[in-house]
Amino acid sequence: MFKAQQFLNQFSKEDALDESLYTIVSDICNEVKLHGDCALKNYNLQFDHVKTGQLEIDQNKIKQAYDNLDDKTRSVLEHSYNRIRAYQEQIKIQYVSNHQGECYEIHHPIERLGIYVPGGKASYPSTVLMTATLAQVAGVKEITVVTPPQTNGICQEVLAACHIAGVNQVYQVGGAQSIAALAYGTESISKVDKIVGPGNQFVAYAKKFVYGQVGIDQIAGPTEIALIIDETADLEAITYDVFAQSEHDEMACTYVISEHEQILKRLEIMIQDQLQYVERQDIVSTSIAKHHYLILVEDIEEACLVMNTIAPEHASIQTKLPEVYVDKVKYVGALFLGYYSPEGIGDYVAGPSHVLPTNQTARFTNGLSVNDFMTRHSVIHLSQQTFNEVAQSAEHIAHIESLYNHEKSIHIRR
């Protein structure tokens with residue numbers, strides 16, 4: 001257990017990503033740029049131990065995966081899709097085409113999107129729905145999914161989710177090499193305008209490497225949750241909130257913050273007692289041993305200071321009055337309030353995307369939304385009267401910057 005300042009001192013020294021991987025990733029990206037599909041197939045064999053004659057999944061197989069779903073699975077995937085779609089339509093920036101005023105903005109969807117869907121320790125149809133649905137609502141014309149090849153073929157639920165969300169192409173290739181393929185294009189895979197979706201450190205660094213040649217959503221670190229609890233919290237539920245985050249990955253980070261020392265001690269005992277029975281125990285126990293923190297704070301202000309410093313992907317407030325934290329917790333990917341809003345609901349069916357900023361990047365960016373698939377630009381269409389009102393100021397600024405042709409291009413119109 002840490003006191004707040006002890007934790008903050010240690011937290012400031014931690015690195016979430018392994019910088020030594022960056023050289024490996026850059027080599028992989030350059031190999032794909034030079035050798036295209038051949039490099040992708042070689043990496044599939046080297047990293048995933050799968051020989052892939054054809055990278056693209058046939059559309060008939062995608063439709064067949066949907067048709068073969070059992071009724072319950074089809075129903076819940078479509079329920080999730082419908083809730084996500086409804087929420088994203090609600091928050092979408094509405095383009096008004098009446099072109100009023102002399103200066104205004106217009107919005108357009110991007111044309112080609114690449115989505116990375118993880119497939120290592122688990123398969124994620126939810127990630128398909130939490131990304132492709134947003135792009136569909138935005139009006140993106142071409143949506144491409146890449147996901148690591150599997151010995152027994154791509155997860156059928158992932159393919160079915162691609163059908164539900166209107167994905168145009170699915171390719172069985174993962175890791176840094178798939179990000180390079182989307183950024184540069186290969187014989188099979190078309191270059192995209194933007195790449196989104198969560199992945200491991202190789203994927204994160206590959207996004208960093210290709211950024212500028214293609215847009216990205218974020219450079220993601222390990223998944224994380226921070227919880228603020230008090231004496232009203234259900235400690236059994238909190239225990240499984242911690243386990244739920246930990247089971248993603250051995251590097252997943254979990255933080256529990258409270259003003260009550262005895263509650264934190266009871267929680268720790270419960271976590272250790274239940275750990276021997278938990279599913280995916282090897283992953284969960286490693287995450288708990290290396291990246292689980294109990295943090296004792298003095299008051300609500302210190303609790304929020306810790307939370308805002310962590311700037312976690314997920315923040316959960318399970319206190320008597322969780323609403324009081326809404327204006328105090330500023331830097332999180334998504335904020336979950338109360339007993340009936342566990343982070344797991346956000347992963348699947350709440351409506352907002354589960355693709356969220358990690359590694360303190362919530363201090364300057366936000367979770368994925370439909371509007372991240374829109375570009376915007378300003379339109380300037382001045383009347384002669386307005387031009388005459390502003391031209392002299394523009395000329396003088398150009399003059400003091402020694403950009404005399406700028407000055408002349410304005411003056412010549414007066």
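A residue is called buried when its relative accessible area is under 20%, exposed when that area is over 50%, and partly exposed in between. The exercises below apply this to a predicted model.

**Exercise 1. Determine how far helix α8 is covered, and which elements its buried residues pack against.**

Solution. Begin with the count: seven of the ten residues of α8 are buried, and the helix is therefore mostly covered under the cut-off of 20%. The buried residues are Gln201, Val203, Ala204, Tyr205, Ala206, Lys207 and Val210. Next, look for their partners, which are the helices α2 and α7 together with the strands β3 (112-116), β6 (194-196) and β7 (215-216).

**Exercise 2. Classify the ring pair of Phe7 and Tyr255, and say which parts of the chain the pair ties together.**

Solution. The structure holds twelve aromatic pairs. For Phe7 and Tyr255, the ring centres are 5.7 Å apart and the planes stand at 75°, so the pair is edge-to-face, given that angles over 60 degrees fall in that class. Placing the two residues on the chain, Phe7 belongs to helix α1 (residues 4-11) and Tyr255 to strand β9 (residues 253-258), so the pair ties together parts that are 248 residues apart in sequence. Both Phe7 and Tyr255 are buried. Finally, the pair can be set in its surroundings, since ring pairs link Phe2, Phe7, Phe11, Tyr255 and Tyr293 into a cluster.

**Exercise 3. Treat the pair of Tyr22 and Phe209 in the manner of the previous exercise, and decide whether Tyr22 is buried, partly exposed or exposed.**

Solution. With 6.3 Å from centre to centre and 65° between the planes, Tyr22 and Phe209 form an edge-to-face pair. Tyr22 lies in helix α2 and Phe209 in helix α8, so this pair ties together parts that are 187 residues apart in sequence. For accessibility, Tyr22 has a relative accessible area of 27% and is therefore partly exposed, while Phe209, at 23%, also counts as partly exposed.

**Exercise 4. Find the charged side chains that sit over the rings of Tyr184 and Tyr66.**

Solution. Over the ring of Tyr184 one finds the charged end of Lys33, at 5.1 Å from the ring centre. Turning to Tyr66, its face is covered by Arg74, which lies 5.2 Å from the centre of the ring.

**Exercise 5. Describe the largest pocket by its volume, its lining and the helices that contribute to that lining.**

Solution. The volume of the largest pocket is about 1,000 Å³. Its lining consists of 43 residues, and those that lie nearest the centre are Pro118, Pro198, Gly199, Asn200 and Asp249. Sorted by class, the lining has 19 nonpolar, 18 polar and six charged residues. As for the helices, α2, α5 (125-138), α7 (175-184), α8 (201-210) and α13 (343-348) each supply at least two lining residues, with α2 giving the largest share, four residues.

**Exercise 6. Examine the backbone of His49 and Ser402, and establish where each residue lies and how accessible it is.**

Solution. Most residues other than glycine have a negative phi. His49, although not a glycine, has a positive phi of about 60°. This histidine is found in the loop between α2 (21-47) and α3 (59-67), and its relative accessible area of 62% is over the cut-off of 50%, so His49 is exposed. Ser402 likewise has a positive phi, near 60°, and lies in the loop between α14 (384-400) and α15 (404-411). At 43% relative accessibility, however, Ser402 counts as partly exposed.

Methods:
Residues are numbered from 1 along each chain as its sequence is written. This is a predicted model: local features need pLDDT of at least 70, side-chain atom pairs count only at pLDDT 80 or more; totals for chains, interfaces and linings use all residues. Side-chain values use heavy atoms; hydrogens and water are left out. Buried means under 20% relative accessible area, exposed over 50%, partly exposed in between (1.4 Å probe, protein chains only). On a 1 Å grid over the protein atoms alone, a cavity is a set of points where a 1.4 Å probe fits but cannot get out, and a pocket is an open set with protein on both sides within 12 Å along at least five of seven lines; lining residues have an atom within 4 Å of a point. Grid points are joined across faces, edges and corners, and a volume is the space filled by probe spheres set on the points. Ala, Val, Leu, Ile, Met, Phe, Trp, Tyr, Cys and Pro count as nonpolar, Asp, Glu, Lys and Arg as charged, and the others, Gly among them, as polar. Rings of Phe, Tyr and Trp (its six-membered ring) pair if their centres lie within 6.5 Å; planes under 30 degrees apart count as stacked, over 60 as edge-to-face and the rest as tilted. A charge sits over a ring if NZ of Lys or CZ of Arg is within 6 Å of the ring centre and within 35 degrees of the ring normal. Contact means heavy atoms within 4.5 Å.
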